[in-house]
Amino acid sequence: MDYSKISLEGKVALVTGGSRGIGRASALAFADAGADVVVASRKLPDLEGVVEEIKAKGAKGMAIASHIAKMEESKNLVEKVMAEFGRIDILLNNAGTNPYFGPLIDAEEWAWDITMNVNLKGQFFLSQLAARVMKDQRSGNIISTSSVGGYRPSELAIYNVTKAALIMLTECMAKEWGKYGIRVNAIAPGIIKTKLSEALWKEPEIGKAAEQRCAMLRLGEPEEVGSVVLFLASDHSSYITGTTIVIDGGQMVGEPTFPEAD
């Protein structure tokens, strides 16, 4: 194996939630490595700029409007990718939502249903559709975006439940689909500077407090997550499946020990 450069030449990648943040950064990393990339999200105009960035890197790019919480739209998404490219080598399940911030005791059914449908149900059924393609290919790679919130509780309780379930779903899919040559892994980012997490970092005082809770004393950038996603999508991780990689700058381990020391 050539370790000098990660290559995805000849691969086709599908990225949901691909218009910004981690999805966009990962899509561009895939394109840098030579993959053709399809980006999907609910709104087509949000994707057009990303497709132009993909094409500027010499790769083929395609944008498809799709809401993964709607089964028919996911079916249509896979059909369109197959009609254009004839294969799916990489699926990055990055679409996610968090419509409710508040006490569990006050949470309403709509908040539970929306969060579960996008973050868990939609990710499973799109993975299933992609896995059927990958099974015929006898190869494939599915990566899902979980969160450190999947490992410990916080004020984002319903969101955390979906992300914890996604970690277990990753393990179950990896256990079942490995015999088909399909690897399934997940990432668990901490607070990354994306639009979805703006409430946790955008205000200076809130952002500073969040930084102080990380061992590295800073928050992450989408590109730092994209590089890990690229590793998982490549043959450099060919013997890794059923694993969730935490990418949090030490948020899980907490603030530096002896912070007053040099």
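How many of the residues of β6 are buried? Select β6, residues 182-189, to begin. Eight of its eight residues are buried, so this strand is largely enclosed by the rest of the structure. Keep in mind as you go that you are looking at a predicted model.

**Stop 1: the two faces of β6**

Show the side chains of β6. Ile182, Val184, Ala186 and Ala188 point one way, while Arg183, Asn185, Ile187 and Pro189 point the other way, and all of them are buried. Now add β5, residues 140-145. β5 and β6 run parallel and are joined by six bridges. To see how they line up, pick Asn141, which stands opposite Arg183 in β6.

**Stop 2: the whole sheet**

Widen the selection to the strands around this pair. Seven strands make up an open sheet, with parallel pairing, in the order β3-β2-β1-β4-β5-β6-β7. At its edges you will find β3 (61-65) and β7 (244-247), each of which pairs on one side only. Going from one strand to the next, the twist averages 15°. As background, strands of a sheet pair through backbone hydrogen bonds, either parallel or antiparallel.

Next, colour β4, residues 90-93, which runs parallel to β5 and is joined to that strand by four bridges. Leu91 is a good residue to click on here: Ile142 in β5 stands opposite.

**Stop 3: Ser41 in β2**

Move along to β2, residues 36-41, and select Ser41. Is Ser41 buried or exposed? With a relative accessible area of 11%, Ser41 falls under the 20% cut-off and so counts as buried. Leaving out residues up to four places away in sequence, Ser41 touches Ser19, Leu47, Ile64, Ala65 and Ser66. If you would like a distance to check, Ser41 and Lys5 are 30 Å apart in space, C-alpha to C-alpha, and 36 residues apart in sequence.

**Stop 4: helix α4 over the sheet**

Turn on α4, residues 109-137. This helix lies across β1 (12-16), β4, β5 and β6, and runs at about 175° to β4.

Now bring in α5, residues 157-177, whose axis comes within 10 Å of that of α4 and crosses it at roughly 15°. An angle under 35° counts as roughly parallel, and α4 and α5 are therefore roughly parallel to each other. The crossing of α4 past α5 is right-handed. Residues making the contact include Trp112, Met116, Leu120 and Phe124 of α4, and Tyr159, Leu166, Leu169 and Trp177 of α5. By type, the contact residues of the two helices divide into 14 nonpolar, six polar and one charged.

**Stop 5: two backbone angles to check**

Follow the chain out of α4 into the loop leading to β5, and select Arg138. What is the phi of Arg138? The angle is positive, about 65°, although Arg138 is not a glycine. Most residues other than glycine have a negative phi.

Then jump to the loop between α6 and α7, where Leu217 is found. Leu217 also has a positive phi, of about 60°, and is not a glycine either. Its relative accessible area is 39%, which makes Leu217 partly exposed.

**Stop 6: Glu221**

Stay in the loop between α6 (204-212) and α7 (222-233) and select Glu221. Glu221 counts as partly exposed, at 34% relative accessibility. Beyond its neighbours within four places in sequence, Glu221 is in contact with Ile192 and Lys193. Draw a line from Glu221 to Ile192: the two are 29 residues apart in sequence and 5.5 Å apart in space, C-alpha to C-alpha.

Methods. Residues numbered from 1 in each chain as written. Predicted model: local features only at pLDDT ≥ 70, side-chain atom pairs only at ≥ 80, totals over all residues. Heavy atoms only, no water. Axes fitted to C-alpha atoms, helices over the stretch in contact; angles between N-to-C directions. Parallel < 35°, antiparallel > 145°, perpendicular 65-115°, else oblique. Left-handed = near helix turned anticlockwise from the far one by under 90°. Contact = heavy atoms within 4.5 Å. Nonpolar A, V, L, I, M, F, W, Y, C, P; charged D, E, K, R; others polar. Pairing = 2+ DSSP bridges. Buried < 20%, exposed > 50% of the residue type's maximum accessible area, 1.4 Å probe, protein only.
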